[in-house]
Amino acid sequence: MYLSLSDRPSAARTAPTTPRRAPRGRVARLVVTLGVVSLLTDISSESVSAILPLYLTSVIGLSTVAYGFVDGLYQGVSALVRIAGGWVADKSGRPQRVALAGYGLSMVARVFLLFAGGVATISTVISADRIGKGLRTAPRDSMITAASDPAHLGRSFGVHRALDTVGAAIGPLLAFLILWAIPDGYHTVLVVSLGFAVLGVVVLALFVPRDAGGVQRHEQVHWRQALSGPMVRLLVVAGFLALLTVGDGFVYLALLDSTDAAARWFPVLYVGTNIAYLALAVPMGRLADRVGRTRVLVLGHLPLAGAYVAACLATGVPGALAALALLGTFYACTDGVLAAVAARTVPDELRTSGIACAQTVVALARMGASVGFGVLWFAIGPQQALVLVAGTLAVAVAGGAVVLRGRP
Amino acid sequence: MTTRQRLLVLLVAVLVVATGSTAYALAELHRSRAVSTRPPTVPTTTRDALTGPRLVFRHTGLDEEYGVVAEVPLDDPGGARTFTDVSCDRVYATATAASCLRTKRGVVTTFQEVDLDADWQQVREAGLPGIPSRTRLSPDGTLAGSTSFVTGHSYMTTGFSTATEIHRVGGKSLGNLETFTLYLDGKRSEPTDRNIWGVTFAADDNTFYATVATHGVTYLARGDLTKRTLTTVADKVECPSLSPDGTRIAFKQKVDHGSGTWWTPAVLDLSTMKRTVLAGEARNVDDQIAWLDGDTLLYGLARADQAGVTDIWSLDVAAGAKPQVYVEQAWSPAVVR
């Protein structure tokens, strides 16, 4: 099989560099602005996520089963909305508006969360929040692409994801700080969360131009071009690798199995992953610009295989930290880079749809992987299952690396 | 809009948000401080720890003793309560030991499982992977079984489950019950979505019961610690609690109640497998029931009008019996004889 993931299709040449694009060497102001919007929004959403289980069980009085239902909604809803958001953004040529709608919806959901008191209302509010997240992600990444110098696109995404992750780190800390001072201060957390959501929307509305990411159409572009050969190949490769991406939860559970210290720190293991992601997002983006984004995207799955193995072998704190660091490295290599590669694989007119497609395929494949891996986990045991997936992943990456040799 | 105007609007927004949320937080802080320095409204006493037959529970009055473990004598449950030095979200005790699950608040909030001796001195401490849910000791106080909601949330996907583990009090873990061999309706089974919660021990320190859930169905499973097996013996049983004579299981049974999840207390006779749903309790009972004696159940219920405050209610096991408040401002009852 010959796989080609060329960086840019020759068809449908589009608008030349827009005036807002940053001068060479500097990260565009718009990228930083969008990073700040994400930072504020992530403080808002992650502060609620961190306390939601406690809030639901201790104040609202939901029990295990009902909570599982809410949690399932939480992750399932957003994947498909993403494609719709991408399509609308491309069709209208106004990604800013779609993003604003997405951020706005999540903000409104937080207002309702203040008053939600039962399973049904909380589920509805959380679904609305996730729909908002689904709507905004691809248009935002599309605006980042449009504002960036193509040679430094990886770095731009790195900067954005680093800012985003700072928010994801501050959110839980802030929430627990509030609960520390006010033991039953769940409503205070919700109020503060709403405040940050409002600020995120305000910054977006004020400082992201309405025409950001818009594309002037030079020629007729057919929607089918979004699924051109190179794009399909990207989706196949990314989707295949995502099928071997079984979810952080299993890495944490394996650590729980193998390491005594993990039980104590289990609820905050994701913080370790976030720190590594935060530290490496920019360096990996730069690396991707230098040695090829597709290459980093594919090879970036090796740290994931490493994390699986480390989680099995870990017997103490160093091993556990290594697993978390590798997991963070994987996200740094792949999360922003995937958007960057997808954005450069489709014509500019279909950029948002292209990003949305790639992200949705990966998200759905990962959900499938988690379900499938659950079977393996019980059938052959946690450690064996993880090592098996790590081995398969390494082979898949090696195969991909050989096939993609010489590609940017 | 010019850049200057935009910055002005942003400044105003930041000021409004900062002022509003700070004012709210300060008001809440003030309210919370006022609550946490208030003396209890229920009668209390400072005499030495109780030794006779007593009820051990978590005090839930909105006052300075909120969350602290307290005791009252069984012959005067409404009388003055004695406070221990221990705070727990969930507590269980026997004459020789106690088990306490608690939330350790901080910038990183974690959860702990603590074993204590008869004098409430800590003998073991271990991390819990999630929010405390249930804990039980074997009748002789040598085994502990605890359940927590695993909530470690991850970056892109999350999994929800309960983690239930049994350990020797003050000693080694006997493992997560998910690793036990499961026999579902007589057949060895390995469902991937299994969740296990609510352990209750028999007197032989080998047999125990717990709820196993898979594919949306809940089962009562009998566990064997030596063989490391779980065998289902009935369905639709949650949070089992073995009677003092070991012949019956009190539990919460899911009932059809329009929207949402609704549980009613029920009792299952283990020899005849006949179940009695105690519909005299019309409210939603989400607790692991305790046995006060051979024919009275105890369980906690949240007050509808006061967030965080709960009461312990008693209910006769006869069908149609009506519940009564047993101890007010209390949660997580454990009967010590």
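Which residue in β18(B) is the bridge partner of B:Asp224? Keep that in mind while you load the model, which is a predicted one.

**Stop 1: chain A overall**

Select chain A and colour by secondary structure. You will find 16 helices and zero strands. Now colour by burial. Of the 408 residues in this chain, 63% are buried. Contacts here reach far along the sequence: of those between residues at least 6 apart, 86% join residues at least 24 apart.

**Stop 2: α6 and α7 of chain A**

Select residues 153–181 for helix α6 and 186–207 for helix α7, both in chain A. Their axes lie 9 Å apart, and the packing angle is about 145°. The crossing of α6(A) and α7(A) is right-handed. Show side chains at the contact. From α6(A), pick A:Leu174, A:Ala175, A:Ile178 and A:Leu179. From α7(A), add A:Thr188, A:Val189 and A:Val192. By class, the contact has six nonpolar residues, one polar and no charged ones.

**Stop 3: α8 of chain A**

Move to residues 229–242 of chain A, helix α8. The helix has 14 residues and spans 20 Å from first C-alpha to last, close to the 20 Å expected at 1.5 Å a residue. Then highlight its buried residues. Among them are A:Pro230, A:Met231, A:Arg233, A:Leu234 and A:Leu235. Further along α8(A), A:Val237, A:Ala238, A:Leu241 and A:Ala242 are buried too.

**Stop 4: the six-stranded sheet of chain B**

Switch to chain B. Six strands form an open sheet here, in the order β14-β13-β18-β17-β16-β15, with mixed pairing. Click on the edges: β14 (187–189) and β15 (195–201) each have a single partner strand, so one side of each is left without a neighbour in the sheet. On average, neighbouring strands are turned by 35° against each other, direction ignored.

Zoom in on β17 (residues 217–224) and β18 (residues 229–235) of chain B. These strands run antiparallel and are joined by six bridges. Here is the residue asked for at the start: B:Thr229 is the bridge partner of B:Asp224.

**Stop 5: the four-stranded sheet of chain B**

Stay in chain B for another open sheet, this one of four strands. The order is β19-β20-β21-β22, and the pairing is antiparallel. β19 (238–242) and β22 (275–277) stand at the edges with a single partner each, so each has one side without a neighbour in the sheet. Neighbouring strands in this sheet are turned by 25° on average, direction ignored.

Finish on β19(B) and β20 (residues 248–254), an antiparallel pair joined by three bridges. Select B:Glu238 and look across to its bridge partner in β20(B), B:Lys252.

Terms used. Residues numbered from 1 in each chain as written. Chains lettered and ligands numbered in written order. Predicted model: local features only at pLDDT ≥ 70, side-chain atom pairs only at ≥ 80, totals over all residues. Pairing = 2+ DSSP bridges. Helix = DSSP H or I, 4+ residues; strand = E, 2+ residues; numbered from the N terminus. Axes fitted to C-alpha atoms, helices over the stretch in contact; angles between N-to-C directions. Buried ≥ 20, exposed ≤ 12 C-beta atoms within 10 Å, placed from the backbone. Contact = placed C-beta atoms within 7 Å. Left-handed = near helix turned anticlockwise from the far one by under 90°. Nonpolar A, V, L, I, M, F, W, Y, C, P; charged D, E, K, R; others polar. Expected span 1.5 Å × (residues − 1).
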